[in-house]
Amino acid sequence: MGIMWELIATVLIATAWVGHACIWVSLLNNLYGRALNKRVLKVWRLLSGLLILAFPLLIPVRLYLGAQLYLGGCVLLGGVIFPIITLLRLLRPTPACVLTESTQTVNLWPILGQQVIGDGFYRAVTQLPGNGVFRVDLTDLTLALPKLPPEWEGLRLHVLSDLHFHGTPSRDYFDWIVAELRNGPQPDLVCLVGDYVDTDTHHTWIAPVLEPLPATEAKLAILGNHDLHHHPERLREELVTAGYTVLGNNWQEVTIRGVPCVVAGHEGPWFAGSPDLGSARTDCFRLCLSHTPDNFYWGIANHIDLMLCGHVHGGAVRVPVVGSIFVPSIYGRRFDRGVFEQAGTVMVVNRGLSGKEPLRLRCHPQVLRITLVRQRLR
């Protein structure tokens, strides 16, 4: 009987540990989705990690009422709520707007060799077992959007996000990806959704890497949260030099295949404000480039037809069955990757091409090649 009680106690403590981790990771995710000081966030991330790892040591021998309530809540969260949420995520149906999706994974390590690593500060991380930082997913999506103008049938978009130039991966990594995109069908639009640099010296990569990307109609760009800390105005200038229309927190009316389109950029919450669409026409398609998917409900409220996002990297580290854990979003794991559709707004969340810490476990870097059509399959 004593062994049975010990086993039950061990299971309860393990379950409570999972619930405890859920609480602190959720809070960490939420804070990382906000425009808070980077140093404060780093300290909080370290503190959160220590509190999670030290959970067994934090359980007092005598549980007072507050500790009992917290421990009970952790058991409920870890043993019931978290499994239910995980199951619902696994069973989430593919949005009806997604007609086809296919991915070609290319491992650039055997193609480029040692030179793909580069000279970034965290380059040693790329050598960790299982790290898929050099395995790039070229994902082709076909989306059916009922409000798509007839002239746009088959409109092609290339979407890149989170390049995080800082030396690792090397320039060769990005040059190879651009060359691969140039070898395929030329898109109508190239859309860049932020986070280009993680140093003050890699602005010089922007023009040579990104200018060669072709587009028949327009090349659009916004900035991300990392760009805020590395001379953002210079970044905007570099992007303009490379042939991009930099939207900022604003909107423009752009003609695409002879049809007017309202194109908005949303760099919030890190850059002050958000695009005011009050004076924008309502009788045409609305496209929005938003660095973070946290702006999804803003997009719904402003009748955006298609939102293109990045920022969350798919979580970068994905655990079997559970999926993502650390996702820098006020909504936690809700919009970590993929396609979401609600109230006429379709949002596509790109996993990005790089990161300040070059670590990818079961979550490859990604480029999106999207084709838009009007009709859904029956």
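In this predicted model, the buried residues of helix α6 are Tyr173, Phe174, Trp176, Ile177, Val178 and Leu181. The cover over these side chains comes from several parts of the chain, including strands β1 (98-107), β2 (135-144), β3 and β15 (366-373), together with helices α5 (108-112) and α7 (206-210). The helix itself has the length one would hope for: its 13 residues should span 18 Å at 1.5 Å a residue, and the end C-alpha atoms of α6 are 18 Å apart, so the two values agree.

Two of the buried residues of α6, Tyr173 and Phe174, also belong to an aromatic cluster. Ring pairs link Tyr173 and Phe174 with Trp109, Phe134, Phe165 and Trp205 in this cluster. Just ahead of α6, the loop between β3 (155-160) and α6 (171-183) holds Pro169. The peptide bond that joins Thr168 to Pro169 is cis, with omega at about -5°.

A helix with another story is α4, which covers residues 65-90. Its 26 residues reach 36 Å from the first C-alpha to the last, close to the 38 Å expected at 1.5 Å a residue. Where does α4 bend? The bend is at Leu77 and comes to about 40°. Leu77 is also one of the buried residues of α4, the others being Cys74, Gly78 and Thr86. The partner in packing for these buried residues is α1 (2-32).

Stepping back to the whole protein chain, the secondary structure amounts to 9 helices and 15 strands. How does the radius of gyration of the 378 residues fit that of a compact globule? A compact globule of this many residues would have a radius near 21 Å, and the protein chain has 22 Å, which agrees. Along the principal axes, the C-alpha atoms fill a box of roughly 80 × 45 × 40 Å. Of the 378 residues, 51% count as buried. Among contacts with a separation of 6 or more, 75% are between residues 24 or more positions apart. The exposed surface of the protein chain is about 17500 Å², and carbon and sulfur atoms supply 61% of this area.

Aromatic rings deserve a further look, with 17 aromatic pairs in the structure. One of them joins Tyr297 and Tyr331, whose ring centres are 5.4 Å apart; the planes meet at 70°, and because planes over 60 degrees apart count as edge-to-face, this pair is edge-to-face. Tyr297 sits in helix α9 (residues 296-301) and Tyr331 in the loop between β12 (323-324) and β13 (338-342), so the pair ties together parts that are 34 residues apart in sequence. Tyr331 has a second ring partner in Phe335: the centres are 5.7 Å apart and the planes are at 75°, so this pair is edge-to-face as well.

Are these three aromatic residues buried or exposed? Tyr297 counts as partly exposed at 30% relative accessibility, and Tyr331 is partly exposed too, at 26%. Phe335, in contrast, has a relative accessible area of 4% and is buried, because the limit for a buried residue is under 20%.

The backbone offers a few more details for anyone browsing the loops. A second cis peptide bond joins Gly268 and Pro269, with omega at about 10°. Pro269 lies in the loop between β8 (259-266) and β9 (286-290). At the other end of β8, the loop that comes between β7 (251-256) and β8 contains Arg257. Phi of Arg257 is near 55°, a positive value in a residue other than glycine. The relative accessible area of Arg257 is 28%, so this residue is partly exposed.

His313 likewise has a positive phi, about 60°, although it is not a glycine. This histidine is placed in the loop between β10 (306-309) and β11 (318-319). Whereas Arg257 is partly exposed, His313 counts as buried at 13% relative accessibility.

Definitions and conventions
Residues numbered from 1 in each chain as written. Heavy atoms only, no water. Helix = DSSP H or I, 4+ residues; strand = E, 2+ residues; numbered from the N terminus. Expected span 1.5 Å × (residues − 1). Bend = angle between axes of the 7 residues up to and from the residue. Buried < 20%, exposed > 50% of the residue type's maximum accessible area, 1.4 Å probe, protein only. Contact = heavy atoms within 4.5 Å. Rg over C-alpha atoms; globule rule 2.2 N^0.38 Å. Areas by Shrake-Rupley, 256 points an atom, 1.4 Å probe, with all protein chains shown as cover. Phe/Tyr/Trp six-rings, centres within 6.5 Å; stacked < 30°, edge-to-face > 60°.
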